[in-house]
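Visitor: I'd like a close look at a single part of this model, please. Pick a pairing of side chains and walk me outward from there.

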Amino acid sequence: MQDLIDFAKDENVEIANGKYASTFEDSFIRNDFSRKFWLNQEGNRNLSDLQKKINQIAYQAITEKNYYVLL
């Protein structure tokens, strides 16, 4: 998770309307990231479903060498 936070800050990705990662505390970025995975249209029945979804997106990011899909 810390690698993801560091990546977001290094790339200074937009976290919220016009507000970028470099302006937020690590804990906010971590919570925001987790909520985006947990609260979505499909939902997650349990933590195992959430972990599966994270693993699929991480695999996609690695195979496509596009780490923005994680964000």
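**A bridge between two helices**

Guide: Let's start with Lys9, which makes a salt bridge to Asp26, with 2.7 Å between the closest N and O atoms (Lys or Arg side-chain nitrogen within 4 Å of an Asp or Glu carboxyl oxygen). Lys9 belongs to helix α1 (residues 2-11) and Asp26 to helix α2 (residues 26-38), so the pair ties together parts that are 17 residues apart in sequence (helices are DSSP runs of H or I, at least four residues, strands runs of E, at least two, numbered from the N terminus). The model is predicted, so local features need pLDDT of at least 70 and side-chain atom pairs pLDDT 80 or more, while totals for chains, interfaces and linings use all residues. Residues are numbered from 1 along each chain as its sequence is written, and side-chain values use heavy atoms, without hydrogens or water.

The structure holds 1 salt bridge, and both partners are partly exposed: Lys9 at 28% relative accessibility and Asp26 at 25% (buried is under 20%, exposed over 50%, partly exposed in between, with a 1.4 Å probe and protein chains only).

Now stay on α1, where Leu4, Ile5 and Ala8 are the buried residues. They span an arc of only 100° around the axis, so they sit on the same side of α1 (the arc is taken over directions from the helix axis to the C-beta atoms). On the other side of α1, Asp3 and Asp10 are exposed.

Two of those buried residues, Ile5 and Ala8, join Val13, Ile15, Ala21, Phe24 and Ile29 in the largest nonpolar core, which has 7 residues in all (buried Ala, Val, Leu, Ile, Met, Phe, Trp, Tyr and Cys joined through side-chain atoms within 4.5 Å). Ala21 brings us back to the bridge: beyond its neighbours within four places in sequence, Ala21 is in contact with Lys9 itself, as well as Ala8, Asn12, Val13, Ile15 and Ile29 (contact means heavy atoms within 4.5 Å). Asn12, found just after α1, has a positive phi of about 50°.

A little further along is Glu14, in strand β1 (residues 14-16). Glu14 is partly exposed, at 45% relative accessibility. Its side chain reaches the backbone nitrogen of Gly18 at 2.6 Å, and, leaving out residues up to four places away in sequence, Glu14 touches Lys19 and Tyr20.

Stepping back, the protein chain has 3 helices and 2 strands, arranged along the sequence as α-β-β-α-α. Of its 71 residues, 25% count as buried.

Technical notes: A polar contact is a pair of N or O atoms within 3.5 Å; within protein, one must be able to donate a hydrogen and the other to accept it, and residues adjacent in sequence count only if both atoms are side-chain atoms.
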